Amino acid sequence: MTSIRFILTGLVFTFLCNCCFAQQPEYEFRGVWIATVLGIDWPPQKATVAEQKAEFIRQLDLHKCNGMNAIIAQVRPSGDAFYPSPYEPWSQWLTGVQGRAPVPFYDPLAFMIQETHKRGMEFHAWLNPYRAEFRIGASSIASDNMIRKRPDWFVTYGTTRYFNPSNKQVQQFVIDVVKDIVRRYDIDGIHMDDYFYPYPIGSKPFPDDYAYKKSGTTLSKADWRRSNVDSMIRNLDIAIKGIKPWCKFGISPFAVWRNASQDPAGSPTKAGMTNYDDLYADILLWLKMGWIDYVTPQLYREIGDHLIPYETMVDWWAKHSYGRHVYIGHGIYRYYETNANWKKPSQIPQQIRILRNNPRIQGSVYFNSKSFDKNPAGWNDSLRNNYYRIPAKIPPMNWLPKKPDN
């Protein structure tokens with residue numbers, strides 16, 4: 001009887017474990033964005049070098065404890081650099097004044113990579129391609145900034161200054177900035193977010209009429225704008241792979257490529273703006289042509305959202321990956337908003353379950369790093385004790401060669 005009781009107890013325990021614990025995939029990308037623009041996540045304002053390092057390590061350790069295996073850190077937020085660059089000045093969000101090096105001197109990018117790799121995590125360098133001056137008049141502009149050297153490269157839209165996406169010299173400059181990072185640093189990937197042509201400001205036109213007419217193109221202005229971005233993405237991939245064939249190149253677009261009302265290939269959504277029509281970013285073309293290795297759509301919507309339902313978009317992106325990896329972007333920062341759906345402890349766990357039920361989705365990335373600090377809705381506990389309880393390996397990209405051992 002005693003042995004039977006032990007067997008029954010074991011069966012009950014196994015049953016409870018299977019019910020309580022989520023399926024643990026062997027391979028899953030689990031990343032976190034660390035934003036440096038405006039010091040959103042890092043570094044702390046007016047911090048010493050020692051305090052900067054300590055805070056980055058604190059955030060890394062938190063994410064490692066939560067089961068993450070990748071960091072996507074912003075190293076070029078606005079035509080500036082979080083590393084000693086031969087092309088652009090030190091970021092004002094590092095030292096308070098653009099162009100001022102940290103004292104005592106250190107290389108933040110090298111430091112971030114070293115600490116991330118020390119914890120067995122991938123490091124992806126996140127760059128904004130076109131933003132040059134975040135807020136005109138409120139940003140410090142160093143004497144060696146390209147705004148001062150080549151003012152003809154830039155356009156003003158709203159309160160922000162941008163590199164002109166149609167300028168071939170600008171495109172090559174951005175490519176040179178990326179090549180420098182790939183060549184000098186032991187990164188695992190280059191990452192760009194959703195800011196290509198800027199988000200529309202009402203009916204205010206983007207000031208590129210002159211450049212469009214001067215180009216002599218027979219394309220419509222919209223197609224011409226898309227071709228400008230396409231050219232840079234294609235050439236970026238060639239440049240990255242020419243230096244390190246194993247280095248990944250990923251894009252994190254706005255949630256919706258196009259609505260089905262605009263294009264039969266679009267998603268059954270009611271987005272007020274889209275990547276293709278408003279940001280001139282044809283993400284599907286880049287995936288189809290193999291110009292990018294992964295896409296991380298920013299699905300910062302809740303399950304059942306009336307305009308852009310999370311579950312609908314997971315399915316749509318999975319069906320339009322063209323064999324590349326899809327990592328879903330989760331907006332955990334939304335817990336701190338007033339939307340009651342984001343106060344539910346079940347929101348993120350359910351989102352993870354939905355993507356894990358789709359074999360064409362390879363993982364998740366969370367925005368943003370410091371949103372984890374207060375354990376919103378107990379999600380830290382959910383990850384470390386359940387969904388990410390067992391460490392996962394980074395999903396391999398079979399089209400890329402393996403990164404050499406250092």
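How many bridges join strand 1 to strand 2, and do the two run parallel or antiparallel? In this predicted model, four bridges join the pair, and the strands run parallel. Two of the facing positions can be picked out by eye: V32 stands opposite I71 in strand 2, and I34 stands opposite A73 in strand 2. Strand 2 is itself mostly covered, with seven of its seven residues buried.

This pairing belongs to a barrel, which eight strands close in the order 1-2-3-7-8-9-10-11 with parallel pairing. Sheet strands in general pair through backbone hydrogen bonds, in either a parallel or an antiparallel manner. Following the barrel order around from strand 11 leads back to strand 1. Here four bridges join strand 1 to strand 11, and the two run parallel; F29 stands opposite G363 of strand 11. Strand 11 is also joined by four bridges to strand 10 (residues 325-330), again in a parallel arrangement, and G329 stands opposite V365 on that side.

The side chains of strand 11 are worth a look in the viewer. G363 and V365 point one way, S364 and Y366 point the other way, and all are buried. Such a pattern fits the general rule that side chains alternate between the two faces of the sheet in a regular strand.

Attention now turns to the confidence of the prediction. The protein chain averages a pLDDT of 94, and 95% of the residues score at least 70. Among the elements of the chain, strand 1 has the highest mean pLDDT, at 99, whereas helix 1 (residues 2-20) has the lowest, at 43. Over residues 5-19, pLDDT stays under 50, and the model has zero contacts beyond four places in sequence for this stretch.

Helix 2 (residues 49-65) offers a clear example of a one-sided helix. Its 17 residues reach 24 Å from the first C-alpha to the last, close to the 24 Å expected at 1.5 Å a residue. The buried residues of helix 2 are V49, Q52, E55, F56, Q59, L60, L62 and H63. They cover an arc of only 160 degrees around the axis and therefore lie on the same side of helix 2. As a general point, an α-helix has 3.6 residues a turn, so residues three or four places apart point the same way. The buried residues of helix 2 pack against strand 1 (29-34) and strand 2 (70-76), and also against helix 3 (92-95), helix 4 (108-118) and helix 13 (379-387). G67 follows helix 2 and has a positive phi, near 95 degrees.

One residue in contact with helix 2 positions is F372, found in the loop between strand 11 (363-366) and helix 13. Is F372 buried or exposed? At 1% relative accessibility, F372 counts as buried, because the cut-off for that class is under 20%. Leaving out residues up to four places away in sequence, F372 touches V32, L62, H63, N66, M68, I332, Y366, N380 and L383. By contrast, the C-alpha atoms of F372 and W316 are separated by 28 Å, with their positions 56 residues apart along the chain.

Helix 12 (residues 347-356) shows another pattern of burial. Seven of its ten residues are buried, so helix 12 is largely enclosed by the rest of the structure. The buried positions are Q347, I348, P349, Q351, I352, L355 and R356. These residues pack against strand 1, strand 10 and strand 11, as well as helix 11 (310-319) and helix 13.

A second sheet lies outside the barrel order. Three strands form this open sheet in the order 4-6-5, with antiparallel pairing. Strand 4 (131-133) and strand 5 (154-157) stand at the edges with a single partner strand each, so one side of each is left without a neighbour in the sheet. The twist averages 40 degrees from one strand to the next. Four bridges join strand 5 to strand 6 (residues 160-163), and these two run antiparallel. Within that pairing, the bridge partner of V155 is Y162 in strand 6.

Finally, R148 in helix 5 (residues 146-149) gives a view of an open position. R148 is exposed, since its relative accessible area of 52% is over the 50% cut-off. Apart from neighbours within four places in sequence, R148 is in contact with I141, A142 and S143.

Technical notes. Residues are numbered from 1 along each chain as its sequence is written. This is a predicted model: local features need pLDDT of at least 70, side-chain atom pairs count only at pLDDT 80 or more; totals for chains, interfaces and linings use all residues. Side-chain values use heavy atoms; hydrogens and water are left out. The expected span of a helix is 1.5 Å times one less than its number of residues. Buried means under 20% relative accessible area, exposed over 50%, partly exposed in between (1.4 Å probe, protein chains only). The arc is that of the directions from the helix axis to the C-beta atoms. Contact means heavy atoms within 4.5 Å. pLDDT is the predictor's confidence in each residue, from 0 to 100. Two strands pair if DSSP finds at least two bridges between them. Axes are lines fitted to C-alpha atoms, for helices over the stretch in contact, and angles run from 0 to 180 degrees between N-to-C directions.
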